[in-house]
Amino acid sequence: MQNDEILFDIPLRDLNSWRVGGVVDQFYFCTDKEKLSYNLQKRNFKLPIMFIGLGSNTLFRDGGFRGTIIAMHKGLNHIKLEDQLFYAESGVSCSKLAKYIARLGYANSAFLAGIPGTLGGALAMNAGCYGSETWDFVDKVLTIDQNGIEHLRKKEEFDIAYRHVENKKNPQEFFIAAWLEFQEGNKEKAELDIKKLLEKRKSTQPLNWPTAGSTFRNPDGHFAAKLIEESGLKGYQIGGAQVSEKHANFIINRGNASASDIENLITYIKAEVFKQTKIILETEIRIIGEKN
Ligand SMILES: Cc1cc2nc3c(=O)[nH]c(=O)nc-3n(C[C@H](O)[C@H](O)[C@H](O)COP(=O)(O)OP(=O)(O)OC[C@H]3O[C@@H](n4cnc5c(N)ncnc54)[C@H](O)[C@@H]3O)c2cc1C
(Lines give C-alpha, C1' and ligand atoms only; values in the text may rest on other atoms or scores of the structure.)
Protein backbone atom coordinates (compact mmCIF):
# COMPACT_ATOMS: atom_id res chain seq x y z
CA MET A 1 0.00 0.00 0.00
CA GLN A 2 1.45 3.31 -1.07
CA ASN A 3 1.61 6.04 1.54
CA ASP A 4 0.39 9.55 0.88
CA GLU A 5 2.58 12.40 1.93
CA ILE A 6 2.12 14.00 5.34
CA LEU A 7 2.94 17.71 5.27
CA PHE A 8 4.19 19.81 8.18
CA ASP A 9 3.53 23.42 9.30
CA ILE A 10 0.92 24.16 6.66
CA PRO A 11 -0.77 27.62 6.72
CA LEU A 12 -4.42 27.24 7.69
CA ARG A 13 -5.44 30.38 5.81
CA ASP A 14 -5.34 28.31 2.59
CA LEU A 15 -7.83 25.84 4.09
CA ASN A 16 -10.76 27.99 5.16
CA SER A 17 -13.16 30.46 3.60
CA TRP A 18 -12.31 33.34 6.00
CA ARG A 19 -8.67 33.04 4.87
CA VAL A 20 -7.24 33.38 8.40
CA GLY A 21 -5.38 31.28 10.95
CA GLY A 22 -1.90 30.13 11.96
CA VAL A 23 -0.26 26.86 10.94
CA VAL A 24 -1.23 23.24 11.49
CA ASP A 25 1.49 20.87 12.71
CA GLN A 26 0.57 17.97 10.40
CA PHE A 27 -1.61 17.96 7.32
CA TYR A 28 -2.80 15.16 5.07
CA PHE A 29 -4.92 15.28 1.90
CA CYS A 30 -7.03 12.14 1.77
CA THR A 31 -7.02 10.73 -1.77
CA ASP A 32 -8.87 7.46 -1.25
CA LYS A 33 -10.44 5.61 1.62
CA GLU A 34 -8.17 2.56 1.55
CA LYS A 35 -5.10 4.80 1.91
CA LEU A 36 -6.85 6.78 4.62
CA SER A 37 -7.61 3.62 6.56
CA TYR A 38 -4.03 2.37 6.12
CA ASN A 39 -2.54 5.68 7.21
CA LEU A 40 -4.77 5.95 10.28
CA GLN A 41 -3.65 2.45 11.28
CA LYS A 42 0.05 2.67 10.47
CA ARG A 43 1.17 6.30 10.66
CA ASN A 44 1.45 8.06 13.97
CA PHE A 45 -0.62 11.12 13.18
CA LYS A 46 -0.17 13.75 15.83
CA LEU A 47 -3.31 13.94 18.01
CA PRO A 48 -5.88 15.41 18.04
CA ILE A 49 -7.03 14.60 14.53
CA MET A 50 -9.56 16.85 12.82
CA PHE A 51 -11.24 16.17 9.47
CA ILE A 52 -12.19 19.16 7.35
CA GLY A 53 -13.97 19.78 4.08
CA LEU A 54 -13.71 23.23 2.54
CA GLY A 55 -13.36 25.09 5.85
CA SER A 56 -16.50 27.15 5.16
CA ASN A 57 -17.78 26.87 8.71
CA THR A 58 -14.52 26.99 10.63
CA LEU A 59 -12.55 29.78 12.32
CA PHE A 60 -8.93 28.68 12.72
CA ARG A 61 -7.21 30.77 15.37
CA ASP A 62 -3.96 32.68 14.75
CA GLY A 63 -1.96 30.35 17.04
CA GLY A 64 -2.68 27.42 14.74
CA PHE A 65 -3.63 23.80 15.46
CA ARG A 66 -1.31 21.46 17.40
CA GLY A 67 -2.46 18.20 15.85
CA THR A 68 -3.31 16.76 12.42
CA ILE A 69 -5.82 18.01 9.90
CA ILE A 70 -7.08 15.57 7.30
CA ALA A 71 -8.73 17.28 4.32
CA MET A 72 -11.30 15.43 2.25
CA HIS A 73 -12.16 17.70 -0.63
CA LYS A 74 -9.40 16.72 -3.11
CA GLY A 75 -10.09 13.00 -2.90
CA LEU A 76 -13.18 11.07 -1.93
CA ASN A 77 -15.38 12.78 -4.47
CA HIS A 78 -17.21 9.92 -6.11
CA ILE A 79 -21.01 10.06 -6.62
CA LYS A 80 -23.34 7.43 -8.06
CA LEU A 81 -27.00 6.43 -8.05
CA GLU A 82 -27.35 2.88 -6.77
CA ASP A 83 -30.63 1.11 -5.92
CA GLN A 84 -32.53 4.42 -5.82
CA LEU A 85 -30.06 5.90 -3.30
CA PHE A 86 -27.38 8.49 -4.07
CA TYR A 87 -24.02 7.30 -2.78
CA ALA A 88 -21.66 10.24 -2.31
CA GLU A 89 -18.25 10.43 -0.69
CA SER A 90 -17.62 13.10 1.91
CA GLY A 91 -15.24 15.21 -0.22
CA VAL A 92 -17.95 15.90 -2.82
CA SER A 93 -18.97 19.56 -2.79
CA CYS A 94 -22.61 20.20 -1.86
CA SER A 95 -23.15 22.19 -5.02
CA LYS A 96 -21.85 19.37 -7.26
CA LEU A 97 -24.06 16.88 -5.40
CA ALA A 98 -27.17 19.09 -5.73
CA LYS A 99 -26.62 19.49 -9.48
CA TYR A 100 -25.95 15.76 -10.00
CA ILE A 101 -29.20 14.82 -8.21
CA ALA A 102 -31.23 17.39 -10.18
CA ARG A 103 -29.68 16.32 -13.51
CA LEU A 104 -30.91 12.77 -12.93
CA GLY A 105 -34.44 14.10 -12.39
CA TYR A 106 -34.71 13.86 -8.60
CA ALA A 107 -36.35 16.66 -6.55
CA ASN A 108 -35.49 18.79 -3.49
CA SER A 109 -31.68 18.94 -3.71
CA ALA A 110 -31.66 22.74 -4.34
CA PHE A 111 -30.98 23.66 -0.70
CA LEU A 112 -27.57 21.97 -0.98
CA ALA A 113 -26.58 24.02 -4.03
CA GLY A 114 -25.87 27.20 -2.08
CA ILE A 115 -23.84 25.60 0.71
CA PRO A 116 -20.16 26.16 -0.19
CA GLY A 117 -18.82 23.13 1.68
CA THR A 118 -18.43 19.38 1.28
CA LEU A 119 -20.91 16.62 2.03
CA GLY A 120 -18.69 15.63 5.03
CA GLY A 121 -19.04 19.13 6.49
CA ALA A 122 -22.79 19.13 5.76
CA LEU A 123 -23.16 15.79 7.56
CA ALA A 124 -21.14 17.03 10.55
CA MET A 125 -23.13 20.28 10.77
CA ASN A 126 -26.55 19.06 9.58
CA ALA A 127 -26.24 21.97 7.17
CA GLY A 128 -29.43 23.32 5.70
CA CYS A 129 -31.46 26.25 4.51
CA TYR A 130 -34.95 27.26 3.38
CA GLY A 131 -36.60 24.51 5.44
CA SER A 132 -34.43 21.52 4.45
CA GLU A 133 -31.52 19.92 6.32
CA THR A 134 -28.93 17.40 5.16
CA TRP A 135 -30.01 14.62 7.52
CA ASP A 136 -33.63 14.79 6.23
CA PHE A 137 -32.24 12.87 3.23
CA VAL A 138 -29.73 10.49 4.87
CA ASP A 139 -30.42 6.77 4.75
CA LYS A 140 -27.09 5.55 6.18
CA VAL A 141 -23.46 6.67 6.40
CA LEU A 142 -19.99 5.19 6.29
CA THR A 143 -17.65 6.42 9.01
CA ILE A 144 -14.05 5.76 9.96
CA ASP A 145 -12.56 5.85 13.44
CA GLN A 146 -9.13 7.07 14.56
CA ASN A 147 -7.77 3.51 14.23
CA GLY A 148 -8.73 3.36 10.56
CA ILE A 149 -11.69 0.99 11.07
CA GLU A 150 -14.78 1.66 8.93
CA HIS A 151 -18.34 1.48 10.30
CA LEU A 152 -21.62 1.39 8.41
CA ARG A 153 -24.05 3.38 10.54
CA LYS A 154 -27.80 3.83 10.35
CA LYS A 155 -29.39 7.25 10.77
CA GLU A 156 -30.85 6.07 14.10
CA GLU A 157 -27.32 5.83 15.52
CA PHE A 158 -27.04 9.63 15.53
CA ASP A 159 -28.58 12.41 17.62
CA ILE A 160 -29.71 14.92 15.02
CA ALA A 161 -31.00 18.45 15.59
CA TYR A 162 -30.66 21.98 14.20
CA ARG A 163 -26.97 22.29 13.21
CA HIS A 164 -26.17 19.44 15.59
CA VAL A 165 -25.12 15.85 14.88
CA GLU A 166 -23.71 13.43 17.41
CA ASN A 167 -22.67 9.84 16.85
CA LYS A 168 -24.24 8.01 19.79
CA LYS A 169 -21.91 4.99 19.45
CA ASN A 170 -18.59 6.82 19.09
CA PRO A 171 -18.22 10.61 18.83
CA GLN A 172 -14.64 10.11 17.54
CA GLU A 173 -15.68 8.82 14.08
CA PHE A 174 -15.44 10.80 10.84
CA PHE A 175 -17.67 10.72 7.76
CA ILE A 176 -16.41 8.92 4.67
CA ALA A 177 -19.60 8.66 2.61
CA ALA A 178 -23.39 8.71 2.79
CA TRP A 179 -26.37 7.16 1.02
CA LEU A 180 -29.04 9.81 0.44
CA GLU A 181 -32.65 9.38 -0.60
CA PHE A 182 -34.37 11.91 -2.86
CA GLN A 183 -37.82 11.58 -4.47
CA GLU A 184 -38.06 11.26 -8.23
CA GLY A 185 -39.25 14.51 -9.80
CA ASN A 186 -38.90 16.69 -12.83
CA LYS A 187 -35.37 17.45 -14.11
CA GLU A 188 -36.23 20.90 -15.55
CA LYS A 189 -37.98 21.99 -12.34
CA ALA A 190 -35.15 20.65 -10.14
CA GLU A 191 -32.55 22.55 -12.20
CA LEU A 192 -34.67 25.71 -12.18
CA ASP A 193 -35.03 25.48 -8.38
CA ILE A 194 -31.23 25.46 -8.09
CA LYS A 195 -30.88 28.45 -10.42
CA LYS A 196 -33.46 30.45 -8.44
CA LEU A 197 -31.87 29.58 -5.11
CA LEU A 198 -28.41 30.65 -6.30
CA GLU A 199 -29.81 33.96 -7.61
CA LYS A 200 -31.56 34.60 -4.28
CA ARG A 201 -28.33 33.90 -2.37
CA LYS A 202 -26.35 36.23 -4.61
CA SER A 203 -28.76 39.07 -3.92
CA THR A 204 -28.91 38.55 -0.14
CA GLN A 205 -25.40 37.35 0.85
CA PRO A 206 -21.94 39.00 0.57
CA LEU A 207 -20.56 36.23 -1.64
CA ASN A 208 -17.69 38.33 -3.03
CA TRP A 209 -15.98 38.54 0.41
CA PRO A 210 -14.20 35.88 2.48
CA THR A 211 -16.80 34.73 5.05
CA ALA A 212 -18.05 31.61 6.79
CA GLY A 213 -21.76 32.24 6.24
CA SER A 214 -24.02 32.57 9.26
CA THR A 215 -21.83 33.20 12.28
CA PHE A 216 -24.55 32.58 14.88
CA ARG A 217 -27.32 30.00 15.23
CA ASN A 218 -30.85 31.36 15.14
CA PRO A 219 -32.09 31.43 18.76
CA ASP A 220 -35.52 29.80 19.29
CA GLY A 221 -38.17 32.04 17.76
CA HIS A 222 -35.66 34.62 16.49
CA PHE A 223 -33.36 35.31 13.57
CA ALA A 224 -29.78 36.11 14.56
CA ALA A 225 -29.37 38.46 11.57
CA LYS A 226 -32.41 40.51 12.64
CA LEU A 227 -31.20 40.76 16.26
CA ILE A 228 -27.76 41.93 15.11
CA GLU A 229 -29.20 44.44 12.66
CA GLU A 230 -31.65 45.79 15.23
CA SER A 231 -28.75 46.19 17.68
CA GLY A 232 -27.27 48.63 15.17
CA LEU A 233 -24.24 46.49 14.33
CA LYS A 234 -24.39 46.30 10.52
CA GLY A 235 -21.06 47.56 9.21
CA TYR A 236 -19.41 47.47 12.68
CA GLN A 237 -15.70 46.68 12.28
CA ILE A 238 -12.86 45.42 14.47
CA GLY A 239 -9.51 45.39 12.65
CA GLY A 240 -10.18 43.78 9.27
CA ALA A 241 -13.35 41.97 10.39
CA GLN A 242 -16.70 43.57 9.66
CA VAL A 243 -20.39 42.76 10.15
CA SER A 244 -21.64 42.56 6.58
CA GLU A 245 -23.86 45.43 5.41
CA LYS A 246 -25.69 42.94 3.18
CA HIS A 247 -26.43 40.20 5.76
CA ALA A 248 -25.90 41.01 9.44
CA ASN A 249 -25.21 37.38 10.48
CA PHE A 250 -22.21 37.23 8.12
CA ILE A 251 -18.79 38.51 9.21
CA ILE A 252 -16.55 39.38 6.30
CA ASN A 253 -12.77 39.62 6.11
CA ARG A 254 -12.11 42.99 4.47
CA GLY A 255 -8.66 41.79 3.38
CA ASN A 256 -6.38 41.99 6.36
CA ALA A 257 -8.42 40.45 9.19
CA SER A 258 -6.76 38.15 11.69
CA ALA A 259 -8.65 35.34 13.37
CA SER A 260 -8.49 37.42 16.58
CA ASP A 261 -10.24 40.33 14.83
CA ILE A 262 -13.06 37.95 13.87
CA GLU A 263 -13.25 36.35 17.32
CA ASN A 264 -13.21 39.76 19.04
CA LEU A 265 -16.02 40.91 16.76
CA ILE A 266 -18.01 37.76 17.62
CA THR A 267 -17.55 38.50 21.35
CA TYR A 268 -18.57 42.13 20.83
CA ILE A 269 -21.72 41.20 18.86
CA LYS A 270 -22.79 38.71 21.54
CA ALA A 271 -22.31 41.27 24.31
CA GLU A 272 -24.10 44.06 22.44
CA VAL A 273 -27.06 41.89 21.37
CA PHE A 274 -27.40 40.61 24.94
CA LYS A 275 -27.25 44.15 26.33
CA GLN A 276 -30.01 45.29 24.02
CA THR A 277 -32.29 42.21 23.81
CA LYS A 278 -31.32 39.91 26.74
CA ILE A 279 -30.97 37.11 24.14
CA ILE A 280 -27.80 35.00 24.15
CA LEU A 281 -26.36 34.31 20.69
CA GLU A 282 -24.44 31.05 20.19
CA THR A 283 -21.96 30.54 17.39
CA GLU A 284 -22.81 28.24 14.49
CA ILE A 285 -19.25 28.38 13.23
CA ARG A 286 -16.65 26.14 14.90
CA ILE A 287 -13.66 27.87 16.52
CA ILE A 288 -10.53 25.72 16.40
CA GLY A 289 -6.94 25.97 17.63
CA GLU A 290 -4.78 28.11 19.86
CA LYS A 291 -4.94 31.82 20.53
CA ASN A 292 -1.73 33.75 19.81
C1 LIG B 1 -21.36 32.00 1.82
C2 LIG B 1 -21.70 30.90 2.76
C3 LIG B 1 -23.01 30.46 2.84
C4 LIG B 1 -23.36 29.43 3.74
N5 LIG B 1 -24.65 29.01 3.79
C6 LIG B 1 -25.00 28.01 4.63
C7 LIG B 1 -26.35 27.55 4.70
O8 LIG B 1 -27.24 28.02 4.01
N9 LIG B 1 -26.63 26.56 5.57
C10 LIG B 1 -25.69 25.99 6.36
O11 LIG B 1 -26.02 25.08 7.12
N12 LIG B 1 -24.40 26.40 6.29
C13 LIG B 1 -24.03 27.39 5.46
N14 LIG B 1 -22.73 27.81 5.41
C15 LIG B 1 -21.72 27.21 6.31
C16 LIG B 1 -20.98 26.00 5.71
O17 LIG B 1 -20.86 26.11 4.31
C18 LIG B 1 -21.66 24.68 6.06
O19 LIG B 1 -21.68 24.47 7.46
C20 LIG B 1 -20.94 23.48 5.41
O21 LIG B 1 -21.69 22.32 5.63
C22 LIG B 1 -19.53 23.27 5.95
O23 LIG B 1 -18.87 22.36 5.08
P24 LIG B 1 -17.29 22.33 4.98
O25 LIG B 1 -16.92 21.17 4.13
O26 LIG B 1 -16.77 23.63 4.56
O27 LIG B 1 -16.95 22.06 6.52
P28 LIG B 1 -15.69 22.54 7.35
O29 LIG B 1 -15.80 23.99 7.68
O30 LIG B 1 -14.45 22.06 6.70
O31 LIG B 1 -15.95 21.73 8.70
C32 LIG B 1 -17.08 22.06 9.51
C33 LIG B 1 -17.16 21.07 10.67
O34 LIG B 1 -17.42 19.77 10.13
C35 LIG B 1 -16.40 18.86 10.50
N36 LIG B 1 -16.14 17.97 9.36
C37 LIG B 1 -15.86 18.32 8.07
N38 LIG B 1 -15.73 17.21 7.31
C39 LIG B 1 -15.93 16.15 8.14
C40 LIG B 1 -15.92 14.73 7.95
N41 LIG B 1 -15.68 14.18 6.74
N42 LIG B 1 -16.15 13.95 9.01
C43 LIG B 1 -16.40 14.50 10.23
N44 LIG B 1 -16.43 15.82 10.48
C45 LIG B 1 -16.19 16.64 9.43
C46 LIG B 1 -15.17 19.72 10.82
O47 LIG B 1 -14.31 19.05 11.72
C48 LIG B 1 -15.82 20.96 11.43
O49 LIG B 1 -16.13 20.74 12.78
C50 LIG B 1 -22.36 28.83 4.54
C51 LIG B 1 -21.04 29.26 4.43
C52 LIG B 1 -20.71 30.29 3.56
C53 LIG B 1 -19.28 30.71 3.44
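Select F60 and display its contacts in this predicted model: beyond its neighbours within four places in sequence, F60 is in contact with L12, N16, V20, G21, F65, A259, I288 and G289. If you colour by secondary structure, you will find F60 in strand β4, which covers residues 58–60. The residue counts as buried because 29 other C-beta atoms lie within 10 Å, where 20 or more are required. For a sense of scale, add A113, which is 53 residues away from F60 along the chain, and whose C-alpha atom is separated from that of F60 by 25 Å.

Next, select the ligand together with the residues around it, a shell of 33 residues in which G53, G117, G120, G121 and G213 are the closest. The elements that contribute two or more residues to this shell are β3 (49–52), α4 (119–125), β8 (128–129), β14 (174–180) and β15 (211–214). Of these, α4 deserves its own colour, since with five residues α4 gives the most to the shell. Colouring the shell by class shows 16 nonpolar residues, 16 polar residues and one charged residue.

From the ligand, follow β14 into the open sheet, where five strands are arranged in the order β6-β7-β14-β10-β11 with antiparallel pairing. At the edges are β6 (79–82) and β11 (150–154), each of which pairs on one side only. Looking across the sheet, you can follow a twist that averages 20° from one strand to the next.

Finally, zoom in on β7 (residues 85–89) and β14, which run antiparallel and are joined by four bridges. Select E89 here, and opposite this residue you will find A177 in β14.

Conventions: Residues are numbered from 1 along each chain as its sequence is written. This is a predicted model: local features need pLDDT of at least 70, side-chain atom pairs count only at pLDDT 80 or more; totals for chains, interfaces and linings use all residues. A residue is near a molecule or strand if its C-beta atom, placed from the backbone, lies within 6 Å of it. Ala, Val, Leu, Ile, Met, Phe, Trp, Tyr, Cys and Pro count as nonpolar, Asp, Glu, Lys and Arg as charged, and the others, Gly among them, as polar. A residue is buried if 20 or more other C-beta atoms lie within 10 Å of its own, exposed if 12 or fewer, and partly exposed in between; C-beta atoms are placed from the backbone. Two residues are in contact if their C-beta atoms, placed from the backbone, lie within 7 Å. Two strands pair if DSSP finds at least two bridges between them. Axes are lines fitted to C-alpha atoms, for helices over the stretch in contact, and angles run from 0 to 180 degrees between N-to-C directions.
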